[in-house]
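User: Got a minute to go through a structure with me? I'd like to start with the rings and then move around.

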2 protein chains.
Amino acid sequence: MEGIKTIGVVGVGIIGASWTALFLYKGFKVKVYDAYPIDEELFKKRIQANLSDLLALDQQTDSSHHLQDIFLNLELYNNLKDAVINVDFIQENAPERLDLKQNLYQEITSYCPEKTLIASSSSGLKVSDFQKDATHPERIFLGHPFNPPHLLPLVEIVGGKLTDPQILKKASEFYQSLGKHPIVLNKEVKGHVANRLQAALWREAFSLVKEGVCSAEDVDIAITSGPGLRWALFGPYINMELANQKGFKEAIHHLGPPMTEWWNDMQNFQHSEETTELLEEQTKELLTHYKDVDLSQKRDKGLVDILKLRQQLELD
Amino acid sequence: MEGIKTIGVVGVGIIGASWTALFLYKGFKVKVYDAYPIDEELFKKRIQANLSDLLALDQQTDSSHHLQDIFLNLELYNNLKDAVINVDFIQENAPERLDLKQNLYQEITSYCPEKTLIASSSSGLKVSDFQKDATHPERIFLGHPFNPPHLLPLVEIVGGKLTDPQILKKASEFYQSLGKHPIVLNKEVKGHVANRLQAALWREAFSLVKEGVCSAEDVDIAITSGPGLRWALFGPYINMELANQKGFKEAIHHLGPPMTEWWNDMQNFQHSEETTELLEEQTKELLTHYKDVDLSQKRDKGLVDILKLRQQLELD
């Protein structure tokens with residue numbers, strides 16, 4: 001996108017490293033900062049792995065040419081000011097603590113140019129709660145990716161009370177230019193959209209095991225041999241449309257009453273040390289099927305394959 | 001599986017036709033009954049389409065040989081007795097009405113041999129509630145597939161109060177021999193497992209749109225560009241394990257508190273004519289992106305591709 005050439009990445013855990021790889025892959029100059037000393041070798045290794053995924057995903061044949069010199073576009077800093085003082089866009093990935101973000105945004109905005117767009121990767125906090133004391137808070141917004149950000153196309157965009165709506169439009173265009181699929185929410189809610197949907201599923205997944213209906217392994221099979229396969233292709237609304245030959249309305253008329261019964265029957269699961277022990281034990285049991293398998297690697301390989309498949313099917 | 005050669009399929013709407021295709025593909029003799037006159041041409045066309053999917057899914061090269069004569073193994077009846085009088089296994093797919101199923105099971109069990117296993121595809125009813133007045137109710141169980149049954153590997157198995165646990169073991173082996181991934185639940189709950197998980201997601205998907213947070217299209221993008229892609233690879237438990245480098249327990253310690261806030265913030269969505277209108281309108285808006293696209297066909301093509309991909313990744 002016009003005007004954005006240099007990007008500051010604040011906080012380089014897994015999410016920050018993933019963003020960094022994507023920005024580098026797309027040809028940007030990237031300045032990276034972390035509050036803890038960055039292990040350069042480990043960090044570059046992680047970036048390299050992410051770049052390999054991106055290359056595998058890229059259908060264009062001439063996309064590997066610039067990867068050799070890609071690290072020339074990367075600068076690491078242990079000083080926040082140096083990393084953000086002259087950038088056009090900032091992607092912040094600091095820990096999920098409100099007090100920490102409040103201070104961080106005050107600091108970032110005291111250093112960076114007035115025109116810099118500032119996106120927070122926060123998975124659950126509201127921008128309104130940490131933009132208040134910043135300088136020019138109108139350019140601060142949520143740009144929440146889904147893990148791993150270099151692969152998953154979703155970016156949730158929403159402004160805080162003080163955000164300029166025009167900034168959200170620019171942000172959406174910018175993420176789109178990176179090949180992402182941004183959605184712009186109408187208002188702030190805790191957990192945004194995707195995490196709430198995911199949490200709703202987790203609640204019932206935890207509850208069914210806690211209530212002794214089935215094992216964690218059964219739940220995972222139920223998803224990956226059932227609705228999970230469909231959710232990689234279509235979301236809940238199109239799936240409901242396809243649930244009845246006459247379409248959505250008829251599907252709701254048929255499914256609505258039993259669905260309401262199931263909702264009413266769902267337990268109000270709550271986390272406790274006891275439930276965590278139980279669920280962890282069951283997960284360990286399930287993991288015995290995957291001995292000597294690098295599950296993250298397998299997931300990322302699978303994500304690349306499914307994303308390609310979606311392109312072939314012209315679903316995106 | 002030894003002993004099962006002839007299968008009776010009771011009720012041949014979409015689900016019954018899909019089961020029929022699978023049973024035929026696997027070499028069984030299939031006797032089909034429906035309460036309404038079966039349009040033979042339409043029915044065989046549907047079967048043929050399902051068989052094509054199965055052939056596309058099949059990695060073995062020599063699997064097309066028997067498809068030519070496959071309809072020799074199919075018999076259509078408009079009389080229940082003729083369809084079930086001499087079969088080893090019955091897959092029942094009648095409408096989801098308890099009174100109807102109660103009568104149907106009384107009738108079926110008065111005709112079929114004592115040794116016949118009888119599976120119900122019921123998506124929400126409890127077997128306990130319709131097996132009571134049947135003859136030899138101990139061989140009646142739930143064998144709930146996921147749509148489309150010829151493709152999706154999940155089969156949920158659970159017995160009613162009067163079901164013999166040994167029957168569930170046999171049923172599980174039988175479905176496994178067809179290439180399915182059965183799970184055997186410890187106890188009956190409304191909606192079983194997969195439909196409850198799906199309904200939990202739908203509740204929040206409907207709620208977010210009703211509360212004006214985002215559009216139906218946004219929800220569908222959030223899933224198919226986010227968690228939906230992961231759910232085709234791993235279920236909620238493995239995904240939680242991968243959410244933190246230290247594994248499940250640490251992931252819960254970090255995600256548990258915000259997740260609890262999101263749960264507490266979720267609205268208790270209830271279906272009404274008003275919400276159905278709103279959600280349908282939004283779905284229609286979303287469908288304008290898919291003009292002239294046969295979505296069911298695209299879904300089934302995509303499912304075949306993802307199932308193959310899971311085989312390649314050695315996930316099943």
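User: How many aromatic pairs does the structure hold over all chains?
Analyst: This is a predicted model. It holds 31 aromatic pairs over all chains. One of them joins Phe234(A) and Tyr290(B).

User: What's the geometry of Phe234(A) and Tyr290(B)?
Analyst: Edge-to-face. The centres are 6.0 Å apart, and the planes make an angle of 80°. For an edge-to-face label, the planes must be over 60 degrees apart.

User: And where do Phe234(A) and Tyr290(B) sit?
Analyst: The pair crosses between chains. Phe234(A) is in the loop between H9 and H10 of chain A. Tyr290(B) is in the loop between helix H12 (273-287) and helix H13 (295-312) of chain B.

User: OK, the interface then. How many residues does the contact take from chain A and from chain B?
Analyst: Chain A gives 105 residues and chain B gives 105 residues. The area buried between the chains is about 10,600 Å². Carbon and sulfur atoms give 69% of that area.

User: Which residues of chain A lose the most area to chain B?
Analyst: Tyr237(A), Trp262(A) and Trp263(A). Together they make up 8% of what that side buries.

User: Now charges. How many salt bridges are there across the interface?
Analyst: The rule finds 8 between chain A and chain B. One interchain bridge links the side chains of Lys249(B) and Glu277(A), at 3.1 Å from N to O.

User: And how many residue pairs are in polar contact there?
Analyst: 36 across the interface of chain A and chain B, counting pairs with both residues at pLDDT 80 or more.

User: Which elements give two or more residues to chain A's side?
Analyst: One strand is on the list, E8 (181-184) of chain A. The helices of chain A on it are H7 (194-210), H8 (216-224), H9 (227-231), H10 (236-242), H11 (248-265), H12 (273-287) and H13 (295-312). The largest share comes from H7(A), with 15 residues.

User: What's the mix by class on that side?
Analyst: On the side of chain A that touches chain B, 57 residues are nonpolar, 25 are polar and 23 are charged.

User: How does chain A map onto chain B?
Analyst: By a turn of 180° and a shift of 0.0 Å along the axis, with an RMSD of 0.0 Å. That is the relation of a two-fold axis. The same surface serves both copies, and 100% of the contact residues of chain A recur in chain B.

User: Back to salt bridges. How many in the whole structure?
Analyst: The search finds 32 over all chains. Among them is a bridge within chain A, where the side chains of Glu40(A) and Lys44(A) meet at 3.1 Å, N to O.

User: How far apart are Glu40(A) and Lys44(A) along the chain?
Analyst: 4 residues, about one turn of the helix. Both lie in helix H2 (residues 40-57) of chain A.

User: Backbone next. Where are the cis peptide bonds?
Analyst: In chain A, one joins Asn147(A) and Pro148(A), with omega about -5°. Pro148(A) is in the loop between strand E6 (140-145) and strand E7 (154-159) of chain A. In chain B, a cis bond joins Asn147(B) and Pro148(B), again with omega about -5°. Pro148(B) falls in the loop between strands E6 (140-145) and E7 (154-159) of chain B.

User: Last one. Is phi of His136(A) positive or negative?
Analyst: Positive, near 50°, in a residue other than glycine. His136(A) is in the loop between helix H5 (128-131) and E6 of chain A. Most residues other than glycine have a negative phi.

Methods
Residues are numbered from 1 along each chain as its sequence is written. Chains are lettered from A and ligands numbered from 1 in the order in which they are written. This is a predicted model: local features need pLDDT of at least 70, side-chain atom pairs count only at pLDDT 80 or more; totals for chains, interfaces and linings use all residues. Side-chain values use heavy atoms; hydrogens and water are left out. Contact means heavy atoms within 4.5 Å. Buried area is the accessible area (1.4 Å probe) that two parts lose on being put together, summed over both. A salt bridge is a side-chain nitrogen of Lys or Arg within 4 Å of a carboxyl oxygen of Asp or Glu. A polar contact is a pair of N or O atoms within 3.5 Å; within protein, one must be able to donate a hydrogen and the other to accept it, and residues adjacent in sequence count only if both atoms are side-chain atoms. Ala, Val, Leu, Ile, Met, Phe, Trp, Tyr, Cys and Pro count as nonpolar, Asp, Glu, Lys and Arg as charged, and the others, Gly among them, as polar. Copies are superposed by least squares on the C-alpha atoms of residues with pLDDT of at least 70 in both. Rings of Phe, Tyr and Trp (its six-membered ring) pair if their centres lie within 6.5 Å; planes under 30 degrees apart count as stacked, over 60 as edge-to-face and the rest as tilted.
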